[in-house]
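Dear colleague,

Please find below the structure that I am handing over to you. My findings follow directly after it.

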Amino acid sequence: TKFSNLVRRTLNYSDKDFIDFEQEIKLIELYLSLEKLRFKDDLNFTIELNDIDDILIPPMLIQPFIENAFVHGLLHKEGDKNLTIRFRLEEVLICEITDNGVGREKAQEIKKRQRSNHESFAVNAIKKRFSILETHFKGELGFELQDVIVNSKVEGTKVILRIPYKNKF
């Protein structure tokens, strides 16, 4: 039921330019609830909304990066898998996705060992979407990837998304 709900929402949002921020959060929560079934008690996640309300955002920009956190970082990590999604409103909507996975360098090593030449369709598609959005909206848009470093050791990855938004009213 959760999976069919996720697919239905994804299809409904795919042809829209903007959706309610709350709808995007519900989609993310639904996706995370499915991942929780896979990872069970090893997965801990938090979503910090910081009282953001009454805005519209382009759909489906956030979830692919959350999925990448699982596929490239958390899946290969032993023990507790932590994911934090934090939002703040500035000139654009800032979304930070932080995981305690294996990190980007180790993920590349694993990808090479598995002899995968797969280039991320989602990331390339999102780059194109951000390029289009930049022609219509002010502010610096896009995403950047950073290593999370604790005691001089890579302990995960942080993605910072800069997303345009419209006020509802």
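In what follows, a salt bridge is a side-chain nitrogen of Lys or Arg within 4 Å of a carboxyl oxygen of Asp or Glu. Please note that this is a predicted model.

**Salt bridges**

Side chains of opposite charge can pair when their charged atoms come close. The structure holds nine salt bridges, and I describe three of them here, beginning with Lys 158 and Glu 96.

The side chains of Lys 158 and Glu 96 form a salt bridge with an N to O distance of 3.8 Å. That distance satisfies the criterion because the cut-off is 4 Å. Lys 158 belongs to strand S7 (residues 153-163) and Glu 96 to strand S5 (residues 93-99), so this pair ties together parts that are 62 residues apart in sequence. The network around this pair consists of Glu 48, Arg 86, Arg 88, Glu 90, Glu 96 and Lys 158, joined by salt bridges that share partners. As to accessibility, Lys 158 is partly exposed, its relative accessible area being 21%. Glu 96, at 10% relative accessibility, counts as buried, because buried means under 20%.

A second salt bridge is formed by Asp 20 and Lys 168, whose closest N and O atoms are 3.5 Å apart. This pair links distant parts of the chain: Asp 20 is in strand S1 (residues 19-20), Lys 168 is in the segment after strand S8 (166-167), and 148 residues separate them. Both partners are partly exposed: Asp 20 has a relative accessibility of 23%, and Lys 168 has a relative accessible area of 30%.

The third pair lies within one helix. Arg 38 and Glu 35 form a salt bridge in which the closest N and O atoms are 2.8 Å apart. Why are Arg 38 and Glu 35 separated by about one helical turn? The reason is that they are three residues apart in helix H2 (residues 21-39). Arg 38 is partly exposed, with a relative accessible area of 45%, whereas Glu 35 counts as buried at 7% relative accessibility. Not counting residues up to four places away in sequence, Glu 35 also touches Leu 43 and Phe 70.

**Surface patches**

Two patches deserve a mention. Asp 41, Asp 42, Glu 78 and Asp 80 form a negative surface patch. One of its members, Asp 80, is found in the loop between helix H3 (63-74) and strand S4 (81-89). Asp 80 is partly exposed, with a relative accessible area of 45%; this value allows it to belong to a patch because patch residues have over 30% relative accessible area and no salt bridge.

The other patch is nonpolar: Phe 3, Val 7 and Leu 11 make up a surface area of about 310 Å². Leu 11 is located in helix H1 (residues 2-13). With a relative accessibility of 58%, Leu 11 counts as exposed, because that class begins over 50%.

**Backbone angles in the loop between S2 and S3**

Two residues may interest you for their phi values. Asn 50 has a positive phi of about 50°, although it is not a glycine. This residue lies in the loop between strand S2 (43-48) and strand S3 (55-57), where it counts as partly exposed at 47% relative accessibility. Asp 54 also lies in the loop between S2 and S3. The phi of Asp 54 is near 60°, a positive value in a residue other than glycine. At 30% relative accessibility, Asp 54 counts as partly exposed.

**Lys 138**

Lastly, I turn to a residue in another loop. Lys 138 is placed between helix H5 (121-134) and strand S6 (142-150). Is Lys 138 buried or exposed? Lys 138 is exposed, its relative accessible area being 75%. With which residues is Lys 138 in contact, leaving aside its neighbours within four places in sequence? These contacts are with Glu 91 and Val 92. In addition, the C-alpha atoms of Lys 138 and Pro 164 are 7.9 Å apart in space, while the two residues are 26 residues apart in sequence.

Yours sincerely

Technical notes
Residues are numbered from 1 along each chain as its sequence is written. This is a predicted model: local features need pLDDT of at least 70, side-chain atom pairs count only at pLDDT 80 or more; totals for chains, interfaces and linings use all residues. Side-chain values use heavy atoms; hydrogens and water are left out. Helices (H or I, at least four residues) and strands (E, at least two) are DSSP runs, numbered from the N terminus. Buried means under 20% relative accessible area, exposed over 50%, partly exposed in between (1.4 Å probe, protein chains only). Contact means heavy atoms within 4.5 Å. Patches are made of residues with over 30% relative accessible area and no salt bridge: like charges are joined within 9 Å, nonpolar side chains (Val, Leu, Ile, Met, Phe, Trp, Tyr) within 5 Å. Accessible areas come from the Shrake-Rupley method with a 1.4 Å probe; for residues, only the protein chains shown count as cover. Lys and Arg count as positive and Asp and Glu as negative; His and the chain ends are not counted. The place of a charge is taken as NZ of Lys, CZ of Arg, CG of Asp or CD of Glu.
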